[in-house]
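Let's take a walk through a small piece of protein architecture. Have the sequence and the 3D view open as you read.

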Amino acid sequence: MSRKTTKYTRSGIQSLSDDKPALYRIETAGGRTNYIGIAKRGRVRERITEHLGEIRGVKVSIEQFLSIDEARRKESRVTSRKNPKYNKRG
């Protein structure tokens, strides 16, 4: 599916597509993943904006999927591999 990266700012987030379920990653300047989450179609921008000010990052990337179930499976795999600082464990 498609993938897009932008600045982790309100204006950057507004440039992201919202038309499909997505997995999103909030990353540091050094490329470290600080948070991984998923959002349903129509809520991608809203979910990412909720993290502004709480989770440090300089860029955010999304990867779109055809279904939320596909996004959940990918989130599980990537979270266990990357072990992001702000994702809750267990």
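## Strands that pair up

One bit of vocabulary before we start: two strands count as paired if DSSP finds at least two bridges between them. Keep in mind too that this is a predicted model. With that in hand, look at L23, which stands opposite E63 in strand β4. That is one position in the pairing of β2 (residues 22–27) with β4, which is antiparallel and has six bridges. A22 belongs to this picture too, with Q64 of β4 as its opposite number.

## The overall plan

How many helices and strands does the protein have? There are three helices and four strands. Starting at the N terminus, you meet them in the order β-α-β-β-α-β-α.

Now for the overall dimensions. A box of roughly 30 × 30 × 20 Å, laid along the principal axes, holds the C-alpha atoms. The radius of gyration is 12 Å, which agrees with the value near 12 Å that a compact globule of 90 residues would have. Of those 90 residues, 41% count as buried. Contacts across the chain are worth a look as well: taking those between residues at least 6 apart in sequence, 69% join residues at least 24 apart.

## What the outside shows

The protein exposes about 5400 Å², and carbon and sulfur atoms supply 44% of that area. As for charge, there are 23 positive and 10 negative ones, and their mean positions lie 6 Å apart.

## β4 and its partners

Is strand β4 enclosed or open? Five of its six residues (59–64) are buried, so β4 is largely enclosed by the rest of the structure. We have already met β2 as a partner of β4. Strand β1 (residues 3–7) is another: β1 and β4 run antiparallel and share five bridges. In that pairing, T5 sits opposite S61 of β4.

## β2, covered on both faces

Strand β2 is mostly covered, with six of its six residues buried. Try following the side chains along the strand: A22, Y24 and I26 point one way, while L23, R25 and E27 point the other way, and all are buried. The strand also pairs with β3 (residues 33–39), again antiparallel and over six bridges. L23 turns up here once more, since its bridge partner in β3 is I38. So what links β2 and β3? They form a hairpin with five residues between them, and G31 in the turn has a positive phi of about 90°.

Zoom in on E27, a residue of β2. You might expect a charged residue to sit outside, but what does the model say about E27: buried or exposed? Its relative accessible area is 13%, below the 20% cut-off, so E27 counts as buried. Beyond its close sequence neighbours (those within four places), E27 is in contact with R32, T33, N34, G57, V58, K59 and S61.

## Next-door neighbours: K7 and Y8

K7 is part of strand β1, and Y8 lies in the loop between β1 and helix α1 (10–14). Which of the two is buried, and which is exposed? K7 has a relative accessible area of 59%, which is over the 50% limit, so it is exposed. Y8, at 7% relative accessibility, counts as buried because that falls under 20%.

Their contacts are worth listing side by side, leaving out residues up to four places away in sequence. K7 touches G12, I13, V58, K59 and V60. Y8 touches I13, I26, I48, H51, L52, I55, R56, G57, V58, K59 and V60. Distance along the chain can mislead you here: Y8 and V58 are 50 residues apart in sequence, yet their C-alpha atoms are 5.1 Å apart. For K7 and I36, 29 residues apart in sequence, the C-alpha atoms are 16 Å apart.

## A backbone oddity after α3

Finally, find N83 in the segment after helix α3 (68–82). What is unusual about the backbone of N83? Its phi is positive, about 50°, although N83 is not a glycine. With a relative accessible area of 44%, N83 is partly exposed, because that value falls between the 20% and 50% limits.

Note on methods: Residues numbered from 1 in each chain as written. Predicted model: local features only at pLDDT ≥ 70, side-chain atom pairs only at ≥ 80, totals over all residues. Heavy atoms only, no water. Helix = DSSP H or I, 4+ residues; strand = E, 2+ residues; numbered from the N terminus. Rg over C-alpha atoms; globule rule 2.2 N^0.38 Å. Buried < 20%, exposed > 50% of the residue type's maximum accessible area, 1.4 Å probe, protein only. Contact = heavy atoms within 4.5 Å. Areas by Shrake-Rupley, 256 points an atom, 1.4 Å probe, with all protein chains shown as cover. Lys, Arg positive; Asp, Glu negative; His and termini not counted. Charge placed at Lys NZ, Arg CZ, Asp CG, Glu CD.
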